[in-house]
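Here are a few quick notes to go with your copy of the model. Have the viewer open while you read, and start with the ligand.

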Amino acid sequence: MNTIMEIQNISKQYKAKKVLDNISFSIYTKEIVALVGKNGSGKSTLLKIIGGLVDPDIGEVNKHVQSLKIGYVPEVIPSHLFFTPEEYLFHMGKISGIQKNALLQKITDLLEIFNMQEARTTSMINFSKGMKQKMMIMQAMLEETHLLILDEPLSGLDPRAQNELENTLLSLKENGYSIILTCHETKLLDNLVDRVLFIQGGHVMQMEALTKTAIPSNQLVFEYPSQWSLEDFLPLIQIKQMRTINNGNQEVTVTVSQENTDKILLALLQRKATIKQLFPLNHKKDQFYNHF
Ligand code: ADP
């Protein structure tokens, strides 16, 4: 799992309102990350910063791959689209300067990936929200893309459309794409995401999606030395099936599967962290998801 992007110490304020407060996390290859939080918690702002549409006041978005291409799909979907999918994608591709033959081939490929061949010559005016959502993602993928940023792609879709879109996103992941999406409901994400980042009060908290069965876990609290840099946190972030909460004052609570406990303890001790508590838990997945 390679890092493709590092979001480092991002803060953003609108007038007197601090929306994002010192947010840091990484995005890896071939993963789907969800940014979950209430309305107004700053999800769209963070996506726009990652997509380069809005500048942060402080902090940086570092691409680990220089040629990393990003496709951004906003939450608002145009309601009146009189074109057919083929026409729409062709116009959008031409605007982006894609050469005609390459564009026609790309459109054929995308219609197939998104299972839209049958509707390719139908006016989009009567498309369902799910179909329009697919069109927006296809448009973002006309040019070569590695990271897809999707703002609330699942909201307003009926369960069938949600399911279909989820399957498409999972197959994109299998084909090497990374996806970061926002969602205001965790229950929509059960079978889709690898990681959930909760956003609240300008801060993010990270957790891994766990399997449906109860996983024997341990909870530990540690304090890290003040000279720790981001590199010291990386081995911890990369451990699977782990949830961390930043308690402030250099103290972090970690919930980690029993299987990975030794790994994390070793990483912490090597980096001179102080273990303050360690005790066994028996969490079910729902408990992980119901932190707020
Ligand atoms: P979410 O996507 O979680 O609903 P947003 O990122 O859209 O949250 O908004 C977070 C906060 O920032 C809200 O209070 C919103 O009103 C404010 N905000 C977002 N964009 C702007 C802007 N361009 N100008 C001023 N305030 C903004």
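How far is an oxygen atom of the ligand from an N or O atom in the side chain of Lys43?

1. Keep in mind that this is a predicted model. As for the distance just asked about, the side chain of Lys43 has an N or O atom 2.9 Å from an oxygen atom of the ligand.

2. The backbone joins in too. Ser41 places a backbone N or O atom 3.1 Å from a ligand oxygen atom, and a polar backbone atom of Gly42 is likewise 3.1 Å from an oxygen atom of the ligand.

3. If you want to show the whole surroundings of the ligand, pick Tyr14, Lys17 and Val19, then Lys38, Asn39, Gly40, Ser41, Gly42, Lys43, Ser44 and Thr45.

4. Now to the helices, with helix 4 and helix 5 to begin. Helix 4 covers residues 129-140 and helix 5 covers residues 159-174; their axes are 10 Å apart and the packing angle is about 20 degrees. An angle under 35 degrees counts as roughly parallel, so helix 4 is roughly parallel to helix 5. The crossing of helix 4 past helix 5 is right-handed. On the helix 4 side the contact uses Gly130, Gln133, Lys134 and Ile137, and on the helix 5 side Ala161, Glu164, Leu165 and Leu169. By class, that contact of helix 4 with helix 5 holds four nonpolar, two polar and two charged residues.

5. Helix 4 also packs against helix 2, which spans residues 85-95: the two axes come within 10 Å and cross at roughly 30 degrees. Helix 2 and helix 4 are therefore roughly parallel as well, and helix 2 goes past helix 4 in a right-handed crossing. Here Pro85, Tyr88, Leu89 and Met92 of helix 2 touch Met135, Met136, Met138 and Gln139 of helix 4. Seven residues of this contact of helix 2 with helix 4 are nonpolar, one is polar and none is charged.

6. Helix 2 has another partner, helix 3 (residues 100-113), with the axes coming within 10 Å and crossing at roughly 135 degrees. That angle makes helix 2 oblique to helix 3. This crossing of helix 2 and helix 3 is right-handed. Helix 2 brings Pro85, Glu86, Leu89, Phe90, Gly93 and Lys94 to the contact, and helix 3 brings Lys100, Leu103, Leu104, Ile107 and Leu111. The contact of helix 2 with helix 3 splits into seven nonpolar residues, one polar and three charged.

7. One last thing to look at in the viewer is Pro85 and Leu89: both belong to the helix 2 side of the contact with helix 4, and both turn up again in the contact with helix 3.

How values were computed. Residues are numbered from 1 along each chain as its sequence is written. This is a predicted model: local features need pLDDT of at least 70, side-chain atom pairs count only at pLDDT 80 or more; totals for chains, interfaces and linings use all residues. Side-chain values use heavy atoms; hydrogens and water are left out. Axes are lines fitted to C-alpha atoms, for helices over the stretch in contact, and angles run from 0 to 180 degrees between N-to-C directions. Helices (H or I, at least four residues) and strands (E, at least two) are DSSP runs, numbered from the N terminus. Angles under 35 degrees count as roughly parallel, over 145 as roughly antiparallel, 65 to 115 as roughly perpendicular and the rest as oblique. A crossing is left-handed if the near helix is turned anticlockwise from the far one by less than a right angle, and right-handed if clockwise. Contact means heavy atoms within 4.5 Å. Ala, Val, Leu, Ile, Met, Phe, Trp, Tyr, Cys and Pro count as nonpolar, Asp, Glu, Lys and Arg as charged, and the others, Gly among them, as polar. A residue is near a molecule or strand if one of its heavy atoms lies within 4 Å of it. A polar contact is a pair of N or O atoms within 3.5 Å; within protein, one must be able to donate a hydrogen and the other to accept it, and residues adjacent in sequence count only if both atoms are side-chain atoms.
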